[in-house]
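Biologist: I am new to this model and would be grateful for a close look at one part of it. Please choose a single element, explain what surrounds it, and then place it within the whole.

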Amino acid sequence: MSNQDSEIPVVLTGQHYTTGNHAAAEGSIAAGCRFFGGYPITPSSEIAEHMALRLPKINGNFLQFEDEIASIAGVLGASWGGVKSMTATSGPGYSLMVENIGLGLMTETPCVIINVQRGGPSTGLPTLIGQQDIMQARWGSHGDYEIIALSPSNVQECFDLALEAFNFSEQYRLPVTLLMDEVIGHMSEKLIVPPKEELTIISRKKPTDPPDKHLPYKADDSLVPPMATAGEGYRVMVTGLTHDERGYPDLSPEAQDKAVRRINDKIRLNKDKIIKLEEYMLDDAKTALVSFGTSARAAKGAVNRARKKGIKVGLLRLITLWPFPDEKIDQLADQVDKIIIPEINYGQVTREVERAVHGKTEVKGDFRLGGAIHTPQEILKEIERN
Amino acid sequence: MSEEEFQLIEADAHPLDGYLREGRIPHIFCPACSLGSVTNILIEAIKEAEFDRKKISVVSGIGCTGRIAGYLNFDSFHTTHGRAIPFAIGLSVTDPERKVIVISGDGDLFAIGGNHFIHAARRNADITVICVNNFNYGMTGGQAGPTTYVGQYQTTAPYGAVEEPFNLPDLAASCGAVYVARWSALDVRRMKDSFTEALLKKGFTFVEVLGSCPTTFGRRNQLAEGKKILEYFKEKSEIQHGADTKTVRIDKDSQIIVGKFVDIKDKKTLTDHLMAIQRMSKATGKKG
């Protein structure tokens, strides 16, 4: 479409005071997103509203679809149209999207889904916080797959990780979930947007061989095939059926083994590059908190308070939730006597930590069921209990 | 054709060479299924419309008709059940020059995907939707669907279907489609002309093709051979161009009205609206 808008900035370099939802929208735009398809849902709607305002100015398109199923289908279509694309929703909407997230995983379609979590199950707590979609993000669609999910703890990270989510989706060719929560989405904080040239932007690898020689699902050692998209003359063949390197359906056990192994292994083999963690005062810790998102803010406050009392406690903040940092948790289990997991659900990350410590240390969840956040004092009490 | 008229055609090339993915043949369609000829006619229409082949994308959902996209040597997308239309909209709006064709079945487009159809028509999305209506779910073994007529026997309607069927041209027209036509699988030339017209027209264009499905529809409804179904279409069909779509519902043993029912000129399309929004957004001083 027209290109007469050079004066309208794409990257809003500078200092802002804004919400997590708006920061995530701007991070997506900075990453190169030019298509948003979505459906209104609290507490994520401000992302759609911001994209409706911003995208047309920079030659992008915003489409409000008839439901979340259509939204994610449109996002996948736009990605195959050669445009970085995204949607934003909350738990109920994510539930409607999971079948097509599976299509995106099977067809290796880069895109980003933001889930601003609220309390569930079902309609639950539309306006209040939850962190209950951790397992849904991991296992929501059917079949075997690996996914990437990132969890911001402040407004700056909403921008940074939205951009990172696009980078991962383009680099590894899969739908990536940014797992925000209602408090992070709606809180206002300082956001610093760097100059455009300081941002690292990754875009999908393109094929270099001619169309008649091209095998769209043949990968090199990276296990991620280059991606030809519609209109480039490659006559892409895209199907959710198990397919061979040509993209043609092949319903044999051998083809299934090869295809499914690769879409899993491309993430498993690269998980060290994908897993991002913040370690806070862990060096001499005898008790570790493991937390993420909004809960990690209160957890950090609890560590500060505990340290003032001379208690050796630290925080491992999970910025990447999936793939799960099994090795890091396993090492932590060798060091500390106890791991406490403050989370706003009934034990989803706690269950993963229990799995990863191999029984080497005590694991205790500190749960809120949704609608309220922990205070640092409450977590401190949990640390001091025994 | 008598024996003396029969002669082997020798040729170095098939007229459809290059338009089908050779590696995907043989296809999965049953003997006497009309999907082979519909595929052929669609290719002929695409050729006639003289599009840049790079600019064509074909999108299908799931089901027998849903397999057509994958046989065509264009950018082709075999998506999830019912979701071909919104996928196609995503493809369409990312390049206004792209021609996006959705071809799928009645169950895919009007049962599980019905919501997307009505909204795509309402928005006047720039896509051509072809529905091959075979009155049942063929691939899953012959269950009743949204176009199954009252009294039709299917595996999930063993005592005869009782629900009212959709009248597809009327649904499309009432939701805002700018082009609506219906032909039976027998009307190959008229079908091709309609496909070509629909492809060349901007906006949401819709063609219903009444398909012959001897295997899972015909067998249970005294039409067990493909030829019998075509004969039935021939006997019952009546061309009424411009017919009021309210009058074209198909019932058991009823007349089948075919023809071009709707052809609206100069209605703004979704692409037009999106480009207008881009212009407006740049003209206003609205922050952001």
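Modeller: Two residues are said to be in contact if their C-beta atoms, placed from the backbone, lie within 7 Å. It should also be stated at the outset that this is a predicted model.

The part chosen is helix α1 of chain B, which covers residues 35-49. This helix α1(B) has 15 residues, and from its first C-alpha to its last it reaches 21 Å, close to the 21 Å expected at 1.5 Å a residue. After α1(B) comes B:E50, whose phi is positive, near 55°.

Which residues of α1(B) are buried? They are B:L35, B:V38, B:T39, B:I41, B:L42, B:I43, B:A45 and B:I46. The elements of chain B that cover them include the strands β1 (56-60), β3, β4 and β6, together with the helices α2 (68-71) and α7.

Helix α7(B) deserves attention alongside α1(B), for the cover of its own buried residues includes α1(B) in turn. Helix α7(B) runs through residues 188-200, and its 13 residues reach 18 Å between the first C-alpha and the last, close to the 18 Å expected at 1.5 Å a residue. Its buried residues include B:M191, B:S194, B:F195, B:A198 and B:L199. Seen down the axis of α7(B), the buried residues fall within an arc of 130°, so they line one face of the helix. Besides α1 (35-49), what covers them includes the strands β3 (99-105), β4 (127-133), β5 (179-184), β6 (205-210) and β8 (256-263) of chain B. Strands β3, β4 and β6 of chain B are thus named in the cover of both α1(B) and α7(B).

These two helices belong to a chain with 9 helices and 8 strands. Of the 288 residues in chain B, 52% are buried. Among its contacts with a separation of 6 or more, 66% are between residues 24 or more positions apart. For 288 residues, a compact globule would have a radius of gyration near 19 Å, and chain B, with 19 Å, agrees. Its C-alpha trace spans about 75 × 50 × 35 Å along the principal axes.

Chain B also touches chain A: 38 residues of chain B are in contact with 45 residues of chain A. On the side of chain B, the elements that give two or more residues are β2 (75-78), α3 (84-93), α5 (114-123) and α9 (270-283). The largest share of that side, 7 residues, comes from α3(B). By class, the side of chain B that touches chain A has 12 nonpolar, 16 polar and 10 charged residues.

The partner, chain A, has 13 helices and 16 strands. Buried residues account for 55% of its 386 residues, and 75% of its contacts with a separation of 6 or more join residues 24 or more positions apart. The radius of gyration of chain A is 21 Å, which agrees with the value near 21 Å for a compact globule with 386 residues. Along its principal axes, the C-alpha trace of chain A spans about 70 × 50 × 40 Å.

Chain A is divided into domain 1 (14-198) and domain 2 (278-384). Taken over C-alpha atoms, the centres of these domains of chain A are separated by 26 Å. Between them, 23 residues of domain 1 are in contact with 21 residues of domain 2. On the domain 1 side, the elements that give two or more residues are β6 (125-129), α5 (134-139), β7 (148-150), β8 (175-181) and α7 (182-186) of chain A. The largest share of this side, 4 residues, comes from α5(A). By class, the side of domain 1 that touches domain 2 in chain A has 13 nonpolar, 7 polar and 3 charged residues.

Two residues of chain A may be set against the buried ones described above. A:T123 is found in the loop between β5 (111-119) and β6 of chain A, and because it has 10 C-beta neighbours inside 10 Å, A:T123 counts as exposed. A:E327 is found in helix α11 of chain A, residues 326-335, and A:E327 is likewise exposed, with 12 other C-beta atoms within 10 Å.

Conventions:
Residues are numbered from 1 along each chain as its sequence is written. Chains are lettered from A and ligands numbered from 1 in the order in which they are written. This is a predicted model: local features need pLDDT of at least 70, side-chain atom pairs count only at pLDDT 80 or more; totals for chains, interfaces and linings use all residues. The expected span of a helix is 1.5 Å times one less than its number of residues. A residue is buried if 20 or more other C-beta atoms lie within 10 Å of its own, exposed if 12 or fewer, and partly exposed in between; C-beta atoms are placed from the backbone. The arc is that of the directions from the helix axis to the C-beta atoms. Domain bounds come from an automatic or database domain assignment. Ala, Val, Leu, Ile, Met, Phe, Trp, Tyr, Cys and Pro count as nonpolar, Asp, Glu, Lys and Arg as charged, and the others, Gly among them, as polar. The radius of gyration is taken over C-alpha atoms; the globule rule is 2.2 Å times the number of residues to the power 0.38.
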